[in-house]
Amino acid sequence: QVAVEQWPTQGSGQYSGEISSLASKRPDIIHTSLVGTDLEAFLTQMAPRGLHEQSKILAAALEPAMFRMGRKIPDGIVFTARGTNGVFAPPSPLNDWFTSTYRTRHAEPPVYTAYQYANTLLVLKTAYDAATKTGGKSTTPEVIKALTGATFDTPSGKLTMALGGGHQAILDTAVGEIVFDAAKGAPSVRNAMRFPAKCVNPPEGVKSESWLKDGMPGAQCTGIVSSN
């Protein structure tokens, strides 16, 4: 049951009215789609009011701000990284290389946007290399052929061109609670759950809206992984 809906003006930076309303309604869960400085202002202003102590907060766009805000983010807020990116990325030599290189250049860990750009470039390079080997030329048709239906290793894990006739990528996704790791002096994740790509994406040829409405028929959810 929806207790209350708030539609604050983007860029206002002031959320005392919305916070007071949410505090009075005491919902079990608060979902916010705020992002960037709007989200940072909301979290900063709601913390002294203890909004996170009376309601579970789901901030889907928190990950890009987590290292910038650090200790200012209350533990326990639920967040994602638009896939198995950032702190949700599976361990691998490729991810070690990417995170190390990124930290050296930018003095902070990469977030999901950096992973997405890196994945795009790595997949494109792999497709061009494959096109050159199979066709002798890296023409557009050969690159498209190399991409279609292929699976690639990326810093985020396995990425497969599975939908849209083999032209749309799918990737595992994950969700968890943010927690400040005092030993590392940086935010981290706890109670994470990782969902296979075919568990959270519709089958080929099925629209997402109708798939969700029908109860996600055909979802392949074997292999969900939980961790502390």
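## Pairing and the overall model

Two strands count as paired if DSSP finds at least two bridges between them. That criterion underlies the strand pairs below. The model is predicted.

The protein has nine helices and nine strands. Its C-alpha atoms fill a box of roughly 65 × 45 × 35 Å along the principal axes. Of the 228 residues, 40% are buried. The accessible surface is about 13200 Å². Carbon and sulfur atoms hold 53% of that surface. Among contacts with a separation of 6 or more, 52% join residues 24 or more positions apart.

## The β4-β5-β6 sheet

Strand β5 covers residues 157-163. Four bridges join β5 to β4, and the two strands run antiparallel. Because two bridges are enough for a pair, the four between β4 and β5 meet the criterion. Within this pairing, Phe152 has Leu159 of β5 as its bridge partner.

β4 and β5 belong to an open sheet of three strands. The strand order is β4-β5-β6, and the pairing is antiparallel. β4 (151-154) and β6 (168-171) are the edge strands. Each of them pairs on one side only. On average, neighbouring strands of this sheet are turned by 35 degrees against each other, direction ignored.

## Strands β1 and β2

Strands of a sheet pair through backbone hydrogen bonds, either parallel or antiparallel. β1 and β2 pair in the parallel sense. Four bridges link them. β2 spans residues 56-59. One position in this pairing is His31, which stands opposite Leu58 in β2.

Strand β1 runs over residues 29-32. Which of its side chains are buried? Ile30 and Thr32 are, and they point to one face. Ile29 and His31 point to the other face and are not buried. This follows a general pattern: in a regular strand the side chains alternate between the two faces of the sheet. His31 thus has two descriptions here: its side chain is on the face that is not buried, and the residue stands opposite Leu58.

## Thr99 in helix α5

Thr99 lies in helix α5, which covers residues 93-106. What does the side chain of Thr99 reach at 2.9 Å? The partner is the backbone oxygen of Asn95. Asn95 is a polar contact of Thr99, because the 2.9 Å separation is within the 3.5 Å cut-off.

Thr99 also has partners farther along the chain. Leaving aside neighbours within four places in sequence, Thr99 is in contact with Pro110 and Tyr115.

How values were computed: Residues are numbered from 1 along each chain as its sequence is written. This is a predicted model: local features need pLDDT of at least 70, side-chain atom pairs count only at pLDDT 80 or more; totals for chains, interfaces and linings use all residues. Side-chain values use heavy atoms; hydrogens and water are left out. Axes are lines fitted to C-alpha atoms, for helices over the stretch in contact, and angles run from 0 to 180 degrees between N-to-C directions. Buried means under 20% relative accessible area, exposed over 50%, partly exposed in between (1.4 Å probe, protein chains only). A polar contact is a pair of N or O atoms within 3.5 Å; within protein, one must be able to donate a hydrogen and the other to accept it, and residues adjacent in sequence count only if both atoms are side-chain atoms. Contact means heavy atoms within 4.5 Å. Accessible areas come from the Shrake-Rupley method with a 1.4 Å probe; for residues, only the protein chains shown count as cover.
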